[in-house]
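I opened my notebook to record what I looked up in this structure. The entries follow the order in which I went through it.

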Amino acid sequence: MRHEAMQSERRKVRDTRFVLAVLLALSMGVNGLLSHGLAQRESMAVLVPAVSGPAWTVGETWAGRRYVEDTARTVAVTLLTLTPENAVEVREAAARMAHASARGEIAAWVETEAARLKRRDLSSAFYPTGIEVATDELAAEVSGELVTWLGREEATRTRKRYRLVFVMEGGRIGLLRFEEREDEG
């Protein structure tokens, strides 16, 4: 009798494993079909930012206004909040954010600014106050205050404007140009 009970339990385990294997294979097959079907469509990603509000929309060669606006703000703050201590990190971030054709130029600009700040014991931070976006050009003008410190004391607080031009390739945005505009006053 005991032998029959063990055989019965073994059959239950075997049958359960078989059912689970069939379900797993079925699930993998359905996921494969869905993936293939999605790959055949024109792709568009909707990235949800960490804050509430309108969603970002991004395609292969275009981006929505909100995405360009948030990207421009992030790039401007990253490049212009510079100290001799964080120059290496800013250079690395600039390399990740820049388009391949502009990496050298943007890295050289960061290096020049970092050297200038280090020579004079300066630090800078950018506080954006407004952004104007031209989605058809993938460009934005970011305005705000550029604050400089000499040691630990604030040295200047200047209104500045910067024009950022991006390029989208394969759904990835890259900084193409970063230009200072005339002072706002």
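Entry 1, the pocket. I am working from a predicted model. I looked up the largest pocket and noted a volume of about 260 Å³. I then listed its lining, which has 16 residues; L80, E113, R116, L146 and Y162 lie nearest the centre of the pocket. I sorted the lining by class and got 8 nonpolar, 4 polar and 4 charged residues. Next I asked which helices and strands each supply at least two residues of this lining. I found α2, α4, β4, β5 and β6.

Entry 2, the core. I turned to the largest nonpolar core and noted 34 residues. Inside this core, L79, L164, F166 and L175 have the most contacts. I wrote down the elements that each supply at least two residues: the helices α2 (65–80), α3 (87–97) and α4 (103–120), and the strands β3 (122–134), β4 (139–150), β5 (153–169) and β6 (172–180). Helix α2 gives the most to this core, with 7 residues.

I picked L79 for a further look. Setting aside neighbours within four places in sequence, I found L79 in contact with V90, A94, I106, W109, V110, L175 and F178.

Entry 3, one serine. I looked up S123 and found its place in strand β3. Is S123 buried or exposed? I entered S123 as buried, because its relative accessible area is 17% and buried means under 20%. I also listed its contacts, again leaving out neighbours within four places in sequence: L82, T83, P84, L117, V147, T148 and W149.

Conventions
Residues numbered from 1 in each chain as written. Predicted model: local features only at pLDDT ≥ 70, side-chain atom pairs only at ≥ 80, totals over all residues. Heavy atoms only, no water. Core = buried A, V, L, I, M, F, W, Y, C linked by side-chain atoms within 4.5 Å. Buried < 20%, exposed > 50% of the residue type's maximum accessible area, 1.4 Å probe, protein only. Helix = DSSP H or I, 4+ residues; strand = E, 2+ residues; numbered from the N terminus. Contact = heavy atoms within 4.5 Å. 1 Å grid on protein atoms, 1.4 Å probe; cavity = no way out; pocket = protein on both sides within 12 Å on 5 of 7 lines; lining within 4 Å. Points joined across faces, edges and corners; volume = space filled by probe spheres on them. Nonpolar A, V, L, I, M, F, W, Y, C, P; charged D, E, K, R; others polar.
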